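Student: I should like to work through this structure by question and answer. Shall we begin with its overall division and then turn to the ligands?

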Amino acid sequence: MSLPFRTFVRNFSTSGLKKNAIKNVTIIGGGLMGAGIAQVAASTGHSVVMVDQNTDILNKSKANIEKSLQRVVKKKYAEDPKAGEAFLSQVLGNLALETDAATSVKKADLVIEAIVENLKIKQELFKNLDMAAPASTIFASNTSSIPIKEIAVATERADRFGGLHYFNPVPMMKLLEVIRIPQTSDETFDKLLAFGKAMGKVTVNCKDTPGFIVNRLLVPYMMEAVRMVERGEATPKDVDTAMKLGAGYPMGPFELTDYVGLDTCKFIIDGWHEKYPDHPLFAPSPLLNKYVAEGKLGNKVGEGFYKSKK
Ligand SMILES: C[C@H](O)CC(=O)SCCNC(=O)CCNC(=O)[C@H](O)C(C)(C)COP(=O)(O)OP(=O)(O)OC[C@H]1O[C@@H](n2cnc3c(N)ncnc32)[C@H](O)[C@@H]1OP(=O)(O)O
Ligand SMILES: NC(=O)c1ccc[n+]([C@@H]2O[C@H](COP(=O)([O-])OP(=O)(O)OC[C@H]3O[C@@H](n4cnc5c(N)ncnc54)[C@H](O)[C@@H]3O)[C@@H](O)[C@H]2O)c1
């Protein structure tokens, strides 16, 4: 449907950018995903505030962003190191760090939450942000598996709430799942889609169903790989080799579980098992639970199913 001319003009400023496009983004949680989202948002011209619980964590997050940016610059600006340096400082100039979430959302057009995969903690966070953020601010969760509607219910802005599910590592994975709940307004959903595209992502539209699209297929596959090892049918190494060489996957399921985080995988499957206790694909794994209980959370701590350099 084409817009009436006056609406078309109103939406576009002279700079050619959509006037009401999302520009100021707050990312809550500077871990594996939050740091990646902050990096790509800052790299695509957005002004980003990244929030975490203390400055130590934030400094580590920023160091991880810089490491990743160096990899990008080494490739993208191989012929022109000076331009690479300029890009690096421009991106870091778009990124601010903050430990106070309420302050961080004062000017936010969009808040993306990427904290621990725990419904109560997410609800508590969004309830507080709802009181601190401007009425116009859109809220989105990067949750892997929790229904967006169950998070949104903690706020008074279900019409301005959606899901933005990124994939790890965010600088490399092109996909962004954009989720709407029944209350999400068309304007909010369009802005989330436009923001995803402005970040250079390919967006798919998702319903608020368990695991949206990718995780609904991927997590049961990853869990079945763990169950295969529990049944003594194969070793993690052989399962990974088989899936890389036999199915063309870039990583096998155990490498991927280490990459994603064994804790995140456990949170996902525990949440689904609680909701759907009879669903065999959502059954928890004693082996995964054992590794998490032993603190073997994967690459982020240097050991999961495999030992890795941190
Ligand atoms: C559970 C959640 O809710 C949902 C999820 O996220 S599920 C997980 C989804 N993600 C996946 O399935 C990831 C599968 N793995 C892959 O796609 C690839 O292994 C990978 C992109 C991670 C790594 O790429 P790959 O070519 O295999 O190996 P690698 O040598 O590490 O990287 C090649 C180049 O890519 C770039 N690169 C890779 N990772 C990067 C990063 N994090 N940052 C910047 N650049 C990176 C670098 O240029 C790198 O070259 P370099 O090593 O000389 O710097
Ligand atoms: N790991 C993945 O591959 C992946 C991919 C897509 C989505 N997700 C989802 O993204 C979210 C984050 O996952 P992750 O892997 O980045 O976890 P992570 O453990 O690496 O990072 C979580 C970060 O949130 C911070 N945090 C926790 N509570 C906070 C609070 N109240 N205020 C501010 N910061 C807080 C922690 O300090 C930590 O730095 C989860 O919902 C997860 O399901 C994960």
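Student: Which residues does the domain assignment give to domain 1 and which to domain 2?

Tutor: The model is a predicted one. Its domain assignment places residues 24–207 in domain 1. The other part, domain 2, is given as 216–293.

Student: How many residues does each domain bring to the contact, and what area is buried between domain 1 and domain 2?

Tutor: Taken over C-alpha atoms, the centres of the two domains are separated by 27 Å. Nine residues of domain 1 and seven residues of domain 2 take part in the contact. Carbon and sulfur atoms give 62% of the buried area, which is about 680 Å².

Student: Which three residues supply 52% of the area that domain 1 buries against domain 2?

Tutor: The share concerns the domain 1 side of the area buried between the domains. No other three residues supply more of it than Glu117, Ser145 and Asn168.

Student: Which elements each supply at least two residues of the shell around ligand 1, and which gives the most?

Tutor: The shell draws at least three residues from each of domain 1 and domain 2. Helix H3 (55–76), helix H9 (214–230) and helix H11 (253–260) each supply at least two residues. With five residues, the element that gives the most is H3.

Student: How do the residues around ligand 1 divide by character, and which come nearest?

Tutor: The shell holds 11 nonpolar, five polar and three charged residues. Of its 19 residues, the nearest are Ser68, Lys75, Ser144, His165 and Asn168.

Student: Which atoms of Ser68, Lys75 and Asn168 lie by polar atoms of ligand 1, and how much of the ligand's area does the protein bury?

Tutor: An N or O atom in the side chain of Ser68 is 2.8 Å from a nitrogen atom of ligand 1, and a polar side-chain atom of Lys75 is 2.8 Å from an oxygen atom of that ligand. Asn168 instead uses a backbone N or O atom, 2.7 Å from a nitrogen atom of ligand 1. Ligand 1 exposes 1000 Å² when taken alone, and the part of this that the protein buries is 71%.

Student: Which residues are closest to ligand 2, and how do the residues of its shell divide?

Tutor: Ligand 2 is surrounded by 21 residues, and the closest are Met33, Asp52, Glu117, Lys122 and Ser144. The shell divides into eight nonpolar, nine polar and four charged residues.

Student: At what distances do Leu32, Glu117 and Asn168 lie from oxygen atoms of ligand 2, and what percentage of its area does the protein cover?

Tutor: For Leu32 the partner is a polar backbone atom, at 2.9 Å from an oxygen atom of ligand 2. Glu117 places a polar side-chain atom 2.6 Å from an oxygen atom of the ligand, and for an N or O atom in the side chain of Asn168 the distance is 3.1 Å. On its own, ligand 2 has 830 Å² of accessible area, and the protein covers 85%.

Student: Which elements give two or more residues to the shell around ligand 2?

Tutor: One is a helix and one is a strand. They are helix H2 (32–43) and strand S6 (161–166).

Student: Is the peptide bond from Asn168 to Pro169 cis or trans?

Tutor: Pro169 lies in the loop between S6 and strand S7 (175–180). With omega near 5 degrees, the bond from Asn168 to Pro169 is cis.

Student: What phi does Phe212 have, and where is its place?

Tutor: Phe212 is in the loop between strand S8 (202–206) and H9. Although Phe212 is not a glycine, its phi is positive, at about 55 degrees.

Terms used: Residues are numbered from 1 along each chain as its sequence is written. Chains are lettered from A and ligands numbered from 1 in the order in which they are written. This is a predicted model: local features need pLDDT of at least 70, side-chain atom pairs count only at pLDDT 80 or more; totals for chains, interfaces and linings use all residues. Side-chain values use heavy atoms; hydrogens and water are left out. A residue is near a molecule or strand if one of its heavy atoms lies within 4 Å of it. A polar contact is a pair of N or O atoms within 3.5 Å; within protein, one must be able to donate a hydrogen and the other to accept it, and residues adjacent in sequence count only if both atoms are side-chain atoms. Accessible areas come from the Shrake-Rupley method with a 1.4 Å probe; for residues, only the protein chains shown count as cover. Helices (H or I, at least four residues) and strands (E, at least two) are DSSP runs, numbered from the N terminus. Ala, Val, Leu, Ile, Met, Phe, Trp, Tyr, Cys and Pro count as nonpolar, Asp, Glu, Lys and Arg as charged, and the others, Gly among them, as polar. Domain bounds come from an automatic or database domain assignment. Contact means heavy atoms within 4.5 Å. Buried area is the accessible area (1.4 Å probe) that two parts lose on being put together, summed over both.
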